[in-house]
Amino acid sequence: MPNFTAPIPLAVYVHLPWCVRKCPYCDFNSHAATGPLPEAAYVDALLADLEHELPGVWGRRVDTVFIGGGTPSLFSPEAIERLLAGLRARLPLRPDAEITLEANPGSVEAGRYAELRAAGITRLSIGVQSFDDDQLGRLGRIHGRREAMRAAEAAHAAGYPDGFNLDLMYGLEQQTPATALADLAIAIDLEPAHLSHYQLTLEPNTLFHARPPVLPDDDTVADIEAACRARLEARGYERYEISAYAQPGRRCRHNLNYWEFGDYLGLGAGAHGKRTDPHAGEIRRTRKARNPRDYLETAPRGTAGHEETVPEAELPFEFLLNALRLIDGVPAPLYAERTGLALEALEAPLATARARGLLEADPQRLRASAHGLQFVNDLLQLFMTPR
């Protein structure tokens, strides 16, 4: 049975599932709004959901909060302020808690950035995806280049203490290294504290999967990624996760908690959570009803969620699936702290990974090599079979 000997950090994820329009590449639990948003009822449901989660986290402090979607910036600053006040009334948030909200760069949302800062948001994550108007049209985005640039300027002006992030895609239709670098140059010049730079993938159950665009070949995508990585690093951005770059000291603490296998409460329609129970020697996963209407109905009754224990045999893979995305990996003792299992039990697959050059030889860290980061699926495959 897993034996947990160190406190596990705790975060909160809140899902607001509505957006203006579903993007053709999006596989998140998002729903196009067809009328006024039920802000008050949904915040009530979120806080009721939290009430039912509280017995499992009594006495634990919250380090970070992330409000994702959907498009959370469609909610009014007043609704966000009431949500955060309700969280603080029920959970001890650390004084310097990082509180992130995802936003689209539309003019209406950008006009709320200062009010969202006043409501308690400390960090903004803006889903730009591209600064090329033609690419934005292909991606189904409802903003253009000018709106995206103005949104970044508005985020700067609002003075978020933890800065702001820009989401930027690469590997887009007809994209070349030159056009990708031109897109990235605009993003860098806007001086975000953090930049999420990730490849467009065709996910199941999306319009792009059903009607796929013609994307660049693998060699071109690799050239784009390498050129953009070099440009970001030359401009002072540290790559600390496969698709995440940050100015020094500006890494996303909430996402680090995921990658370091911390705990998190999942609140909202379709939200997932992870909670360690050291007394029972278990790690439990939770998931909430996906349909917003179902969630609104069941959350007040405490019946919105499903919970299951993660089998002990799956814990090594789950831990490494997250930790090996980090460029510096994690200290080796963190494995035992977060899974409750002895690292020695993985001696055989670890030795194989090191022999194949997928994992660094340093016994003090679990860290993918440069080769392993390029073939991370091959690396993780070694830990999928219970050992």
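This passage walks through the cores, ring pairs, cysteines and a few single residues of a predicted model.

A good place to start is the interior. The largest nonpolar core takes in 66 residues, and within that core I67 and Y113 touch the most other members. Y113 has plenty of company from further along the chain: leaving out residues up to four places away in sequence, its contacts are A103, N104, P105, L124, I126, A151, A154, A155, A158 and Y160. There is also a second core, separate from that one, with 37 residues; Y240, F319, A323 and V330 are among them. As a bit of background, nonpolar side chains in soluble globular proteins tend to be buried together.

Next come the aromatic rings, which form 9 pairs in the model. One of these pairs brings W18 and Y42 together edge-to-face, with 5.0 Å from centre to centre and 75° between the planes. W18 sits in strand β2 (residues 18-19) and Y42 in helix α1 (residues 39-53), so this pair ties together parts of the chain that are 24 residues apart in sequence. Both W18 and Y42 are buried. W18 has another partner in F75: here the ring centres are 6.1 Å apart and the planes meet at 25°, so this pair counts as stacked. F75 belongs to the loop between β4 and α2 while W18 is in strand β2, so the link spans parts that are 57 residues apart in sequence. Like W18, F75 is buried. Stepping back a little, ring pairs join W18, Y42, F75 and Y295 into a cluster. A ring takes part in another kind of arrangement elsewhere: K274 lies over the face of F261, 4.3 Å from the ring centre.

What about the cysteines? The number of disulfides in the model comes to 0. C252 shows why a bond is ruled out in its case: the closest cysteine sulfur, in C26, is 18 Å from the sulfur of C252, which is too far. C252 counts as buried because its relative accessibility is 0%. C228 is buried too, because its relative accessibility is also 0%.

Two charged residues round out the picture, beginning with R82. This arginine is part of helix α2, which covers residues 77-90. Is R82 buried, partly exposed or exposed? With a relative accessibility of 35%, R82 counts as partly exposed, because the value falls between the 20% limit for buried and the 50% limit for exposed. Setting aside residues up to four places away in sequence, R82 touches A40, V43 and D44. With A40 there is a polar link as well: the R82 side chain reaches the backbone oxygen of A40 at 3.0 Å. D132, on the other hand, is 50 residues from R82 in sequence, and the C-alpha atoms of the two are 37 Å apart in space.

The other charged residue is D63, found in strand β4 (residues 62-69). D63 counts as buried because its relative accessibility is 16%, under the 20% limit. Which residues does D63 contact, neighbours within four places in sequence aside? The list runs to P9, L10, R94, A97, E98 and R253.

Conventions:
Residues are numbered from 1 along each chain as its sequence is written. This is a predicted model: local features need pLDDT of at least 70, side-chain atom pairs count only at pLDDT 80 or more; totals for chains, interfaces and linings use all residues. Side-chain values use heavy atoms; hydrogens and water are left out. Helices (H or I, at least four residues) and strands (E, at least two) are DSSP runs, numbered from the N terminus. Buried means under 20% relative accessible area, exposed over 50%, partly exposed in between (1.4 Å probe, protein chains only). Contact means heavy atoms within 4.5 Å. A polar contact is a pair of N or O atoms within 3.5 Å; within protein, one must be able to donate a hydrogen and the other to accept it, and residues adjacent in sequence count only if both atoms are side-chain atoms. A nonpolar core is a set of buried Ala, Val, Leu, Ile, Met, Phe, Trp, Tyr and Cys residues joined through side-chain atoms within 4.5 Å. A disulfide is a pair of cysteine sulfur atoms within 2.5 Å. Rings of Phe, Tyr and Trp (its six-membered ring) pair if their centres lie within 6.5 Å; planes under 30 degrees apart count as stacked, over 60 as edge-to-face and the rest as tilted. A charge sits over a ring if NZ of Lys or CZ of Arg is within 6 Å of the ring centre and within 35 degrees of the ring normal.
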